[in-house]
Amino acid sequence: MCGIVGIVGTRPVAPLIVDALKRLEYRGYDSAGVATLSEGNLDRRRAEGKLVNLENRLEFDPLAGNIGIGHTRWATHGAPVEVNAHPHFSTKVAVVHNGIVENFRELRTELQADGFTFSSQTDTEVIAHLVAKGMKDGLSPEKAAQSAISRLTGAFALAIMFGTDSNLIVAGRNGPPLAIGHGAGEMYLGSDAVALAPFTNRITYLEDGDWAVIRRDGMQIFDLDGNTVERAQQTSVGSALMVDKGNHRHFMIKEIYEQPEVIGHTLAHYVDFNEQKVALHEMSETEQPIDFASLDRLNITACGTAYLAGYTSKYWFERLARLPVDIDVASEFRYREVPMSKSGLSLFISQSGETADTLAGLKYCEAEGQHLAAIVNVRESTIARSSHSVFPTLAGPEIGVASTKAFTCQLSVLASLAVAAGVQRGHIDRERETKLVAELSEAPRYANEVLKLEEEIRQLAHSLANKQHILYLGRDTNYPLAMEGALKLKELSYIHAEAYAAGELKHGPIALIDEEMPVVVIAPHDRIFEKTVSNMQEVAARGGKIILITDPRGAEEAGMDGAELIVMPSMPEIITPIIYSLPIQMLAYHTAVHMGTDVDQPRNLAKSVTVE
Ligand code: M6R
């Protein structure tokens with residue numbers, strides 16, 4: 001999703017802005033631009049596609065100036081072409097924006113009636129003209145910006161630069177995140193602290209409804225009525241080092257290989273392996289511990305892969321802790337006006353901690369007086385900062401747009417929480433807790449084992465490349481995992497993939513089965529393995545080509561002649577969702593590599609989805 005950078009500096013800023021934009025590349029984008037002010041002239045360079053195109057343009061036609069704003073655009077209104085790339089200009093005004101101005105049509109009509117002409121199809125351009133109109137009417141740049149921001153509805157993070165002031169950027173936030181960085185004689189602005197890490201680790205986050213006046217010697221934050229508001233300065237833990245791919249071809253495969261380590265780190269945060277018990281980490285003074293024993297309901301809200309981690313945990317919480325779970329995709333939950341239990345807990349799962357729909361779900365639950373808990377990977381994110389209890393995943397920065405290690409770390413946290421809930425609610429005794437903890441502690445070792453299957457999976461993936469449709473089947477926790485497999489495959493390879501609970505196949509989807517339809521079945525040998533075997537037989541009888549991911553006993557007992565097998569080690573049931581994630585990730589990865597798609601930044605996708 002769009003990335004924003006701004007610098008009020010003391011040296012030429014265009015190359016610095018491009019470097020900072022590179023650190024936001026992971027968010028996903030399809031065009032980019034930068035504008036600077038030099039000797040009273042606002043000027044800009046913009047380019048379609050990757051940042052390298054913008055860099056080439058700047059090399060042949062550099063931009064001078066010690067103040068500037070930059071942007072990576074993920075198209076919402078208007079095609080990803082240069083004319084729609086940010087910054088957008090009006091008279092003496094330049095604007096970059098992340099989000100959607102929902103009332104842009106009425107504002108556009110009004111501004112056109114006032115004589116402003118539009119050169120793009122974006123919603124953003126109305127902001128530039130609104131500010132210019134205010135200045136034309138005699139307002140100072142700050143007041144014109146405040147007035148413009150107050151007229152916008154929808155979600156936005158924005159930065160405005162003025163041709164009349166070489167020491168001023170105005171920033172505004174209502175939804176997507178914005179971080180202000182404090183330097184020595186320079187000030188910075190970015191969509192996240194990681195973008196600003198080479199410049200400073202002293203960060204102030206804007207809250208919704210804030211707008212800020214940023215000058216070289218500092219900044220001031222206001223609310224929409226113009227009252228000064230105080231926001232704490234924090235020390236960011238974001239690394240100044242640019243995360244790189246190491247020896248790997250893509251970030252995704254690097255992140256797949258990091259899983260044994262990060263799963264281990266994450267589990268160690270929630271489990272005391274010496275004492276063989278779950279030990280939820282100590283909370284900060286501002287956080288509130290969770291009393292699972294007093295809960296009558298757990299409501300989980302998330303999007304995409306994070307939602308599927310939540311879905312998996314429904315089986316764990318209900319089985320291990322007898323705690324009923326409602327699980328929702330955030331985009332539906334936020335508008336459904338769900339009645340919330342007074343003794344309930346609302347849990348939000350998000351890698352980025354900035355997903356707009358998940359955040360809106362959190363706001364709904366906040367208004368309903370719920371205890372808010374979050375599982376997040378980015379600890380300084382808005383969702384983390386807005387929650388009463390935070391459970392971090394220790395996955396490290398995840399750069400590949402397709403979530404891999406964040407997912408298995410989310411599962412690791414959720415498994416630990418489910419065991420903790422089971423203990424607190426009296427459904428897991430000491431002996432069983434010891435056993436479950438010992439089983440969880442095996443996860444990193446099994447993950448390492450399974451990575452050795454990569455070459456086998458790579459060869460298998462060739463048979464999936466160029467297929468039109470692929471089905472994924474699973475039962476119990478393997479059903480959400482089947483959904484995750486289908487999601488991974490479609491987002492990376494653009495092959496249409498769907499997942500079904502294996503028992504649901506006969507209620508309609510079986511009509512799709514023919515010789516052209518590969519069916520990936522995730523079925524370790526568990527207590528319902530036989531049921532899944534029956535479903536596989538139904539597929540085989542209709543000519544469907546089966547790829548079975550199972551363990552040695554499952555491979556032996558399935559009796560599926562002609563099926564392709566991925567044979568996993570036998571492992572304890574509680575860790576199967578974590579470990580079986582790896583083959584489905586590798587299958588999707590190698591299918592995509594074989595097809596030559598953009599694995600780390602698949603078309604149309606954004607890493608951090610900060611608009612609805
Ligand atoms: O940052 P979040 O975990 O809130 O993101 C949620 C989804 O956008 C994300 O999981 C998405 O589905 C991934 N691209 C899946 O690989």
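The questions below ask why features of this predicted model carry the labels they do.

Because the model is predicted, local features need pLDDT of at least 70 and side-chain atom pairs count only at pLDDT 80 or more, while totals for chains, interfaces and linings use all residues. Residues are numbered from 1 along each chain as its sequence is written, and side-chain values use heavy atoms, with hydrogens and water left out.

Q: Why is Glu39 called exposed or buried, and which of the two is it?
A: Buried means under 20% relative accessible area, exposed over 50%, and partly exposed in between, with a 1.4 Å probe and protein chains only. Glu39 has 79% relative accessibility, so it counts as exposed. Glu39 sits in the loop between β2 (31–38) and β3 (41–48); helices (H or I, at least four residues) and strands (E, at least two) are DSSP runs, numbered from the N terminus. Glu39 is not a glycine, yet its phi is positive, about 50°. Its C-alpha is 9.1 Å from that of Gly163, with the two positions 124 residues apart in sequence.

Q: What makes Gln276 count as it does on the accessibility scale?
A: The value for Gln276 is 23% relative accessibility, so the residue counts as partly exposed. Gln276 belongs to the loop between β15 (271–272) and β16 (277–278). Gln276 also has a positive phi, near 55°, in a residue other than glycine.

Q: What makes the peptide bond from His86 to Pro87 cis or trans?
A: Omega is near 0°, and the bond is cis. Pro87 lies in the loop between β4 (67–73) and β5 (88–90).

Q: How do you know how many disulfides there are?
A: A disulfide is a pair of cysteine sulfur atoms within 2.5 Å, and by this rule the count is 0. For Cys365, the closest cysteine sulfur is in Cys303, 13 Å away, which is too far for a bond. Cys409 is likewise in no disulfide, its nearest cysteine sulfur being that of Cys303 at 19 Å. Cys365 has 0% relative accessibility and therefore counts as buried. Cys409, at 0% relative accessibility, counts as buried too.

Q: How do you know whether the length of α17 agrees with its residue count?
A: The expected span of a helix is 1.5 Å times one less than its number of residues. For the 16 residues of α17 that gives 22 Å, and the end C-alpha atoms are 22 Å apart, so the two agree. Of the 16 residues of α17, 14 are buried, and the helix is mostly covered. Just after α17, Tyr494 has a positive phi of about 65°.

Q: What span does α13 reach, and what is expected?
A: Helix α13 (residues 405–424) has 20 residues and reaches 28 Å from its first C-alpha to its last, close to the expected 28 Å. α13 is mostly covered, with 18 of its 20 residues buried. Gly426 follows α13 and has a positive phi, near 80°.

Q: Why is the second largest pocket placed where it is with respect to domain 2 (254–441) and domain 3 (448–595)?
A: Both domains give residues to its lining, so the pocket lies between them. Domain bounds come from an automatic or database domain assignment. On a 1 Å grid over the protein atoms alone, a cavity is a set of points where a 1.4 Å probe fits but cannot get out, and a pocket is an open set with protein on both sides within 12 Å along at least five of seven lines; lining residues have an atom within 4 Å of a point. The second largest pocket has 30 lining residues, with Cys303, Gly304, Thr305, Leu487 and Glu491 nearest its centre. Elements giving two or more residues to this lining are α9 (304–321), β19 (344–350), α17 (478–493) and β23 (496–501). The volume of the second largest pocket is about 690 Å³, a volume being the space filled by probe spheres set on grid points joined across faces, edges and corners.

Q: How many cavities of 30 Å³ or more does the structure hold?
A: There are 3, and the largest cavity has a volume of about 70 Å³. Its lining includes Cys2, Arg73, Trp74, His86 and Asp123.
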